[in-house]
Protein chains: 2
Amino acid sequence: MRQSQLFTKTRKEAPKDEVSKNAELLIRAGFIHKEMAGVYSFLPLGLRVLNNIVGIIREEMNEIGGQEISMTALQDKNLWQKTDRWDDDKMDVWFKTKLKNDSELGLAPTHEEPLTTIMKNFVASYRDLPKAVYQFQTKFRNEMRAKSGIIRGREFLMKDLYSFSRDQKEHDEFYQLAKAAYVRIFDRVGLGSVTYPTFALGGTFSKYSEEFQTICDAGEDIIYVDETKLVAVNKETLTPEVLADLGLNKKTLVEKKGVEVGNIFNLGNKFSKPLELFYVDDKGEKHDVIMGCYGIGPGRVMGTIVEVLSDAKGIVWPREVAPFEAHLIEMKGSEAVSAAAEKLYRDLNKKGITVLWDDRDTRAGEKFADADLIGIPYRIVISEKTMKENKFELKLRTEDEATLVDEATLFQKIQKTS
Amino acid sequence: MRQSQLFTKTRKEAPKDEVSKNAELLIRAGFIHKEMAGVYSFLPLGLRVLNNIVGIIREEMNEIGGQEISMTALQDKNLWQKTDRWDDDKMDVWFKTKLKNDSELGLAPTHEEPLTTIMKNFVASYRDLPKAVYQFQTKFRNEMRAKSGIIRGREFLMKDLYSFSRDQKEHDEFYQLAKAAYVRIFDRVGLGSVTYPTFALGGTFSKYSEEFQTICDAGEDIIYVDETKLVAVNKETLTPEVLADLGLNKKTLVEKKGVEVGNIFNLGNKFSKPLELFYVDDKGEKHDVIMGCYGIGPGRVMGTIVEVLSDAKGIVWPREVAPFEAHLIEMKGSEAVSAAAEKLYRDLNKKGITVLWDDRDTRAGEKFADADLIGIPYRIVISEKTMKENKFELKLRTEDEATLVDEATLFQKIQKTS
């Protein structure tokens, strides 16, 4: 895309009411717009990143047999009363609203109840299981505080997958598949090396739930990391008994702040029993369906990437999530420079490499500062100077020094490895 | 995808509380689930169709220079008070809710106010215009009645594009581009021949607004169609003066029911003036930005396709929006039949043709009835009988008779034309 046509612009100053690093940088770079605390719109560059993260998660969910659907925000009071989660003192993040006839509705903070109800239409026999169903859907949560930018929103996109199994063994097998998919997802978005499976408070149906915690100063959780075993324990569940149970030693644990970028819950029959989702086995006996739920917030992942990987100059996007892979900086000069820039732009596009082409009539310093702020992985400069040598200047966002390369080397360095 | 793995199933009876044909068929075929009146979840087959429609619209919006963003449902009261659209008697479809601190929020029924506010950050000079910005986003409208299935929802996906121009002439030029894109969209989704540009009530800033009305018994609008000139007039704006103005003759108009599948509004400075979105021209003078808005509801389009194109046996999807392009029916017999079905499934996938493979252990009659109900354009049958002749049975959903074809002919008939 030509940068001169992009409707957003960068800005030098962060908005005064913004205290989180991720929102400050993302607003300054033109990726998001703050509607109110915890409520952000995604502008073209931001939406591209969000969609890249969504694409990675979707691939991995399909890989483990997930089937994609899309449920609604508006929720029926009667349904949630069946599981005793309607009252605000049972679920304290509800936004409530009303139909014209005054009947109360809620805005879904999560979707166990409606999906369990949907599955009742399709699950009767043991032959109908196991199944895994997921969605990318906007959640609404009436959070008391919302000062972490897009890491904790009142309205935010969520990938929630739910598994439906015949027994605990079948559930456990899928759980391991889903956990492995989560490890791949956090690797692919560039957070793998600082993200730990973390034991957290369980619930009625299991000793622990499992969180994926990314080490990050902006994190709201305190976790204790065993850096040898590559696992962590959430402070809220850290007791001598738990340590003994997990075979961990308090002395080898390091206290860190973490962002919960994903979580997995064993739900047992917590929802299937009150909502009567059961199946009949091959002997004609009825059993409750065993459920699990697996969440990742793509916006929270995006905010965490900004918190963890940015530097003093701006954002540093890993290639797989970057809004564009290459930032082509044209130093306005002769028409020959423009023609060469346009040719390279087309050639890169032809190779399937996404390019933001800075064709603006702007000073070099401003172009470089914008490129650093926006954070695209490969920066390519074309100028009178580079053209004289029949070369391009190439710099990675993660490196300080640019190098002059010829066209063949440029394409070789920038080509996709997979 | 293997149909044995799809978690949805067809059902013989429509739910008793459903009165619209589109919802009846879509629920029976397992495409959608009704959460409450006017609120539907999209199941795997339904989401695939919806995404295909979204994909077509996105291509056409990008083609006319639209830049995609994603705004929020939650809205700030103060913003909408500036344009006098907060009060329920000014905008009668609001869903309202509250933060924990009791401040009132609304769920956006449309997005002129928040986008105009976003644009204020990026538009200052005549050099920053024109721009066109769009989104696919969930709208909430507190409709009194919602009995038209997914044609009129209380929560529904909407593509809304907004244009920002320097003057009326520039606006009019973009308006024509957008209108031409709409014509292409309705052609591609299979509604072109029954969809008419329709003059409707204007507003403060233009004599008329323009609707795209699809002729359909389920329509809530009455329109008068000139079948020679291929235009229509909405009954609500049909006066002798309007007819004279448009050069239409009452006698040549035919009264029809229509579904408003798209609309275009000239907004003038209705929003830019109160929200102070202006630009400075090359002489240093300030002008209000001239706006337009252009809506299409992908779910409404999907419901209209079902209303218009289905037959007594079920849904008939045009190829570009179908959940899969081919429905491969395997008549369970020898292992050789299964192996041949699997080979064809792989070969079609390799050619980029999407296939639902009915590998279920089910009676032939049930498989055919399901195929008709689901409405995939190409039905291919493999059985002992077809294998004996080294052929496949091919039937279009729009035709009654199947033909036996060899593999080369099958691929030739089913290949994409573009």
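A:D221 stands opposite A:G258 in β13(A). That pair belongs to β11 (residues 221-226) of chain A, which six bridges join to β13(A). The two strands run antiparallel. This is a predicted model.

**Around β13 in chain A**

Strand β13 (residues 253-268) of chain A also pairs with β10 (residues 206-215) of chain A. Six bridges join them, again in the antiparallel sense. Here A:E210 stands opposite A:I264. A further partner is β16 (residues 290-296) of chain A, joined to β13(A) by six bridges and antiparallel to it. In that pairing, A:N266 has A:G292 of β16(A) as its bridge partner. Strands of a sheet pair through backbone hydrogen bonds, either parallel or antiparallel.

The table sets out these pairings with two others, one from each chain.

| Strand pair | Bridges and sense | A facing pair |
|---|---|---|
| β10(A) and β13(A) | six bridges, antiparallel | A:E210 and A:I264 |
| β11(A) and β13(A) | six bridges, antiparallel | A:D221 and A:G258 |
| β13(A) and β16(A) | six bridges, antiparallel | A:N266 and A:G292 |
| β1(A) and β2(A) | four bridges, antiparallel | A:I32 and A:F42 |
| β5(B) and β6(B) | four bridges, antiparallel | B:K96 and B:G106 |

**Chain A as a whole**

Chain A has 11 helices and 21 strands. Its C-alpha atoms fill a box of roughly 80 × 60 × 45 Å along the principal axes. Of its 418 residues, 48% count as buried. Many contacts span long stretches of sequence. Among contacts in chain A between residues at least 6 apart in sequence, 69% join residues at least 24 apart.

**A hairpin and a helix pair**

β1(A) and β2(A) form a hairpin with two residues between the strands. In this hairpin, A:G38 takes a positive phi near 80°. Four bridges hold the pairing of β1(A) with β2(A), and A:I32 stands opposite A:F42 in β2(A).

Two packed helices are described by the angle between their axes and the distance between the axes. Helix α1 (residues 21-28) of chain A packs against helix α7 (residues 298-309) of chain A at about 95°, with the axes 8 Å apart. The two helices are therefore roughly perpendicular to each other. From α1(A), the contact takes A:K21, A:N22, A:L25 and A:L26. From α7(A), it takes A:G303, A:V306 and A:E307. By class, that contact has three nonpolar, two polar and two charged residues.

**How the two chains meet**

How many residues does each chain bring to the contact? Chain A gives 37 residues and chain B gives 37 residues. On the side of chain A that touches chain B, several elements each supply at least two residues, among them β1 (32-36), α2 (44-63), β5 (95-98), α4 (112-120) and β7 (131-140). By class, this side of chain A has 19 nonpolar, nine polar and nine charged residues.

Two copies of a chain are related by a rotation about an axis and a shift along it. In this model, a rotation of 180° with 0.0 Å of shift along its axis superposes chain A on chain B, with an RMSD of 0.0 Å. That is the relation of a two-fold axis. The same surface serves both copies, as 100% of the contact residues of chain A recur in chain B. Which residue of chain A comes closest to the rotation axis? A:T97 does, with its C-alpha at 2.6 Å.

**A small sheet in chain B**

Chain B has an open sheet of three strands in the order β4-β6-β5, with antiparallel pairing. The edge strands are β4 (74-76) and β5, each of which pairs on one side only. The twist averages 45° from one strand to the next. β5(B) and β6(B) pair over four bridges, and B:K96 has B:G106 in β6(B) as its bridge partner.

B:L99 is found in the loop between β5 (95-98) and β6 (104-107) of chain B. Is B:L99 buried or partly exposed? With 18 C-beta neighbours inside 10 Å, B:L99 counts as partly exposed. Not counting residues up to four places away in sequence, B:L99 touches A:N142 and B:L105. B:V194 is 95 residues from B:L99 in sequence and 46 Å from it in space, C-alpha to C-alpha.

Helix α4 (residues 112-120) of chain B is mostly covered, with seven of its nine residues buried. Among them are B:L115, B:I118 and B:M119.

Note on methods. Residues numbered from 1 in each chain as written. Chains lettered and ligands numbered in written order. Predicted model: local features only at pLDDT ≥ 70, side-chain atom pairs only at ≥ 80, totals over all residues. Contact = placed C-beta atoms within 7 Å. Nonpolar A, V, L, I, M, F, W, Y, C, P; charged D, E, K, R; others polar. Least-squares fit on C-alpha atoms with pLDDT ≥ 70 in both. Buried ≥ 20, exposed ≤ 12 C-beta atoms within 10 Å, placed from the backbone. Axes fitted to C-alpha atoms, helices over the stretch in contact; angles between N-to-C directions. Parallel < 35°, antiparallel > 145°, perpendicular 65-115°, else oblique. Pairing = 2+ DSSP bridges.
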